Number of protein chains: 2
Amino acid sequence: MNAETEAARRSVGARRSLESSEAILEAAEAVLVENGHAGFSIEAVARRARAGKPTIYRWWPSKAALLLDVYQRQKRDVDYPDTGNIEEDLFRFVQSLFVHWRQTPSGGIFRSLLAEAQADPAAAEALAGYAAGRRARTGKLVERAKARGEVADSVDPEQVADMVASYAWVHLLTGRLDEDDATLRRAVCMIVDGIKA
Amino acid sequence: MNAETEAARRSVGARRSLESSEAILEAAEAVLVENGHAGFSIEAVARRARAGKPTIYRWWPSKAALLLDVYQRQKRDVDYPDTGNIEEDLFRFVQSLFVHWRQTPSGGIFRSLLAEAQADPAAAEALAGYAAGRRARTGKLVERAKARGEVADSVDPEQVADMVASYAWVHLLTGRLDEDDATLRRAVCMIVDGIKA
DNA sequence: TCTCCATCGGAACGAAACGTTTCGTTATAT
DNA sequence: ATATAACGAAACGTTTCGTTCCGATGGAGA
């Protein structure tokens with residue numbers, strides 16, 4: 001969000017105020033947490049950040065772009081465990097994701113992002129790109145297991161990641177983040193072992 | 001939406017115009033299909049239905065309520081196949097669901113409903129109830145297979161349904177309804193057979 | 001038949017948020 | 001020192017919201 005801007009710069013003048021953009025991102029998060037997706041307006045964010053609306057519109061072309069930045073800002077610590085056991089890896093991944101969504105504003109923010117993507121094509125594209133990257137990274141868990149000979153050759157790692165992420169996303173969207181560890185483990189076990197007798 | 005209204009009625013006067021409410025529901029569906037969730041406004045519906053806004057607000061307290069009515073009006077029975085083979089049953093179920101979403105307005109309407117549920121608690125509750133019912137019905141496919149001894153005793157039928165539905169929902173939400181049959185079959189196969197070597 | 005009165009479509013309202021423009025100020029590279 | 005860029009603040013016109021009037025319509029009770 002700033003690299004290409006800085007590269008295209010060819011003249012003098014004041015630089016972008018990091019103080020201001022930080023305040024805007026913090027205000028956006030606070031508004032989202034306190035008032036929910038319904039009360040999330042650019043005006044409200046500007047008021048709270050003591051910033052001008054043009055400043056927000058200059059750097060974030062749409063509400064979706066701001067939402068995406070807010071989400072990725074606090075998404076530093078996601079576990080991509082490597083225990084040498086694919087079932088354990090996937091379980092820990094899903095478990096930490098659920099915990100993260102429950103204990104931070106991330107869950108609510110991501111819900112808003114998904115909702116926004118149903119109305120705004122720009123948001124949909126941003127979400128699709130993010131989801132594809134996520135599938136690739138989560139798929140590496142499976143690729144490692146495949147290299148160990150733990151997973152069948154015919155399996156598509158990204159499709160496994162897709163299945164696991166879908167399970168988590170729908171639980172988030174339908175307000176079912178309170179599943180216990182045993183349930184999560186059975187879900188992962190279903191994918192790893194199948195359901196056959 | 002009309003039973004208690006009719007019961008509370010204690011005086012004379014014109015009755016509710018079925019013609020008008022039908023036109024409103026049809027117009028709402030048309031607007032949703034043509035302009036998407038973003039362009040779905042009460043004003044647009046009223047214009048299209050040649051109805052007054054107060055008439056809409058009188059009978060549908062919120063946009064979510066109108067969406068719910070439109071959705072329930074659209075929804076028809078999905079087939080719950082019974083081929084005697086759980087993999088084939090699940091594949092046909094998912095396949096017909098994708099086709100239904102692609103070829104009718106149901107997919108778009110359901111996307112709007114999911115988006116609305118992230119902002120409106122009433123819509124969220126309605127969605128949760130619908131999803132629970134869906135899991136129970138789809139779970140019967142698995143229960144039948146379990147009775148045939150095709151599926152392990154330890155498997156929770158509703159959780160299998162949950163996994164399959166999650167895969168489908170996320171594909172709908174992220175605009176990936178164009179997966180080919182081979183991909184869908186591999187996804188189902190993943191759940192049935194697992195991914196182990 | 002005549003009289004209510006609930007409901008209808010239509011027009012207009014204030015409130016809120018939208019996205020944009022303008023203004024004066026502040027900060028920075030040349 | 002000067003030119004330039006980003007800033008906060010305010011105002012703009014537009015859109016949609018949900019509500020409130022109004023006259024017309026038509027079915028139930030006297």
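**Exercise 1.** In this predicted model, decide whether A:R50 counts as buried or exposed, and describe its backbone and its place in the chain.

*Solution.* The first step is to count neighbours: A:R50 has 10 C-beta neighbours inside 10 Å and therefore counts as exposed, since a residue is exposed if 12 or fewer other C-beta atoms lie within 10 Å of its own. The next step is to locate the residue, and A:R50 lies in the loop between helix 3 (42-49) and helix 4 (53-59) of chain A. The last step concerns the backbone, where phi of A:R50 is near 50°, a positive value in a residue other than glycine. As background, most residues other than glycine have a negative phi. Turning to the other chain, B:R50 sits in the loop between helix 3 (42-49) and helix 4 (53-59) of chain B, has a phi near 50°, and is exposed, with 10 other C-beta atoms within 10 Å.

**Exercise 2.** Determine which operation superposes chain A on chain B, and what kind of axis it represents.

*Solution.* Begin with the general frame, in which two copies of a chain are related by a rotation about an axis and a shift along it. Here a rotation of 180° with 0.1 Å of shift along its axis superposes chain A on chain B, with an RMSD of 1.1 Å. That is the relation of a two-fold axis. Of the residues of chain A, A:G194 comes closest to this rotation axis, its C-alpha being at 1.4 Å. The same surface serves both copies, in that 95% of the contact residues of chain A recur in chain B.

**Exercise 3.** Describe the side of chain A that touches chain B, by residues, by elements and by chemical character.

*Solution.* Counting contacts gives 40 residues of chain A against 38 residues of chain B. The elements of chain A that give two or more residues to this side are helix 7 (106-117), helix 8 (121-147), helix 9 (157-173) and helix 10 (181-193). The largest share, eight residues, comes from helix 9 of chain A. By character, the residues on this side of chain A divide into 23 nonpolar, 10 polar and seven charged.

**Exercise 4.** Characterise the fold of chain A and find which residues touch the most other members of the largest nonpolar core.

*Solution.* Chain A has 10 helices and zero strands, and 36% of its 197 residues count as buried. Among its contacts with a separation of 6 or more, 62% join residues 24 or more positions apart. In the largest nonpolar core, of 115 residues, A:V94, A:V164, A:I191, B:V94, B:V164 and B:I191 touch the most other members. Leaving aside residues up to four places away in sequence, A:V94 touches A:V164, A:A168, A:L184 and A:V188.

Conventions:
Residues numbered from 1 in each chain as written. Chains lettered and ligands numbered in written order. Predicted model: local features only at pLDDT ≥ 70, side-chain atom pairs only at ≥ 80, totals over all residues. Contact = placed C-beta atoms within 7 Å. Helix = DSSP H or I, 4+ residues; strand = E, 2+ residues; numbered from the N terminus. Nonpolar A, V, L, I, M, F, W, Y, C, P; charged D, E, K, R; others polar. Least-squares fit on C-alpha atoms with pLDDT ≥ 70 in both. Buried ≥ 20, exposed ≤ 12 C-beta atoms within 10 Å, placed from the backbone. Core = buried A, V, L, I, M, F, W, Y, C linked by C-beta atoms within 7 Å.
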